[in-house]
Amino acid sequence: MKLVRLAFGVLYASIALADGSVVMLKQRVGPIDVTLFGNSAHLTTAQTNLSLMVQKASDHSDVPDAHVTLRFTRNENGKIMEVVAPATHAKASNKMLYGAVVTLPNQGYWSFMADIEAQGSHVEVAANLPVGPPEAPLKEKWPLIVFIPVAIVMFIINRRLKRRWRTPYRQARP
């Protein structure tokens, strides 16, 4: 029974993770609330999926017809680097969001700006976002991933062997 509860708990927890996005930025600019979601809590130099939620500030309803452009700029040794990506519903995993795929060339702090034209108004959301190194590939993480299943299997084998080799109960003779 405990094993069934554990299995349902793990299943429920995986469902609760939803799409796995993390809120990276939330700002109210004029009549619009903007929330930026990413795959992880920080950006990396690897290809990153970003999603932007655009809502009316008055009633928090979605704005379905906005034109969104994401811009990342960085001044490095007097040379200005810029990455521009249009965000659309087609590129987002959740079709109520505006999605874009961004690849930033190097680490450091990047100036982020989202240009949003919606409902006859133009707003800009700006922030400085840190960009770190790409995460290690799965082949470097396999010992961490395999450890728990191996420990569980070894525990089960240990319990079964102890049960098999247990000596029967003998009464002491007077």
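Two strands are taken as paired if DSSP finds at least two bridges between them. That idea is needed for the hairpin of β5 and β6 in this predicted model. The hairpin has 2 residues between its strands, and asparagine 77 takes a positive phi near 55° there. The two strands of the hairpin run antiparallel and are joined by 9 bridges. One position along the ladder is threonine 69, whose bridge partner in β6 is proline 86.

Stepping back to the whole chain, the protein has 2 helices and 9 strands. Read from the N terminus, the elements go α-β-β-β-β-β-β-β-β-β-α, so to speak a run of strands with a helix at either end. Of the 174 residues in the protein, 30% are buried. Among contacts between residues at least 6 apart in sequence, 49% join residues at least 24 apart.

Confidence comes next. The average pLDDT of the protein is 82, and 83% of the residues score at least 70. Among the elements, β5 has the highest mean pLDDT, at 92, while helix α1 (residues 2–16) has the lowest, at 53. Over residues 13–18 the pLDDT stays under 50, and the model has 0 contacts beyond four places in sequence for that stretch. Where pLDDT is low, the predicted coordinates should not be read in detail.

Back to the strands: β5 and β6 also belong to an open sheet of 5 strands, ordered β3-β9-β8-β5-β6, with mixed pairing. The edges are taken by β3 (43–44) and β6 (79–87), each of which has a single partner strand, so one side of each is left without a neighbour in the sheet. At the β3 edge, 2 bridges join the strand to β9 (residues 121–132), and this pair runs parallel. Threonine 44 has glycine 132 in β9 as its bridge partner.

Just along the chain, threonine 45 sits in the loop between β3 and β4. Despite the loop setting, threonine 45 counts as buried, with 18% relative accessibility. Beyond its neighbours within four places in sequence, threonine 45 is in contact with Thr103, Leu104, Pro105, Asn106, Gln107, Val131, Gly132, Pro133 and Pro134. Gly132, then, turns up twice: as a contact of threonine 45 and as the bridge partner of threonine 44.

Turning inward, the largest nonpolar core has 33 residues, and those touching the most other members are Leu52, Val68, Leu70, Phe72 and Ile116. Two or more core residues come from each of β1 (22–29), β2 (32–38), β4 (48–56), β5 (67–76), β6, β7 (98–102), β8 (108–118) and β9. Valine 68 gives a good look at the surroundings: apart from neighbours within four places in sequence, its contacts are Leu52, Val54, Pro86, Ala87, Tyr98, Asp115 and Ile116. Leu52 and Ile116 are thus on the contact list of valine 68 as well as among the core residues that touch the most other members.

Aromatic pairing amounts to 1 pair. It is formed by phenylalanine 72 and phenylalanine 112, which lie 5.2 Å apart centre to centre in a tilted arrangement, with 50° between the planes. Phenylalanine 72 is in strand β5 and phenylalanine 112 in strand β8, and the pair links parts of the chain 40 residues apart. Phenylalanine 72 is buried, at 1% relative accessibility, and phenylalanine 112 is buried too, with a relative accessible area of 1%.

As for charges, side chains of opposite charge can pair when their charged atoms come close. The count here is 3 salt bridges. Arginine 71 pairs with aspartate 115, with 2.8 Å between the closest N and O atoms. Since arginine 71 lies in strand β5 and aspartate 115 in strand β8, this salt bridge ties together parts that are 44 residues apart in sequence. Arginine 71 is partly exposed, at 29% relative accessibility, whereas aspartate 115 is buried, at 12%. Aspartate 115 is also one of the contacts of valine 68.

Another salt bridge joins arginine 28 to aspartate 33, again with the closest N and O atoms 2.8 Å apart. Arginine 28 is exposed, at 53% relative accessibility, while aspartate 33 is buried, at 5%. The remaining salt bridge brings together the side chains of glutamate 76 and arginine 74, at 3.1 Å from N to O. Glutamate 76 counts as partly exposed, at 28% relative accessibility.

Definitions and conventions
Residues are numbered from 1 along each chain as its sequence is written. This is a predicted model: local features need pLDDT of at least 70, side-chain atom pairs count only at pLDDT 80 or more; totals for chains, interfaces and linings use all residues. Side-chain values use heavy atoms; hydrogens and water are left out. Helices (H or I, at least four residues) and strands (E, at least two) are DSSP runs, numbered from the N terminus. A nonpolar core is a set of buried Ala, Val, Leu, Ile, Met, Phe, Trp, Tyr and Cys residues joined through side-chain atoms within 4.5 Å. Buried means under 20% relative accessible area, exposed over 50%, partly exposed in between (1.4 Å probe, protein chains only). Contact means heavy atoms within 4.5 Å. A salt bridge is a side-chain nitrogen of Lys or Arg within 4 Å of a carboxyl oxygen of Asp or Glu. Rings of Phe, Tyr and Trp (its six-membered ring) pair if their centres lie within 6.5 Å; planes under 30 degrees apart count as stacked, over 60 as edge-to-face and the rest as tilted. pLDDT is the predictor's confidence in each residue, from 0 to 100.
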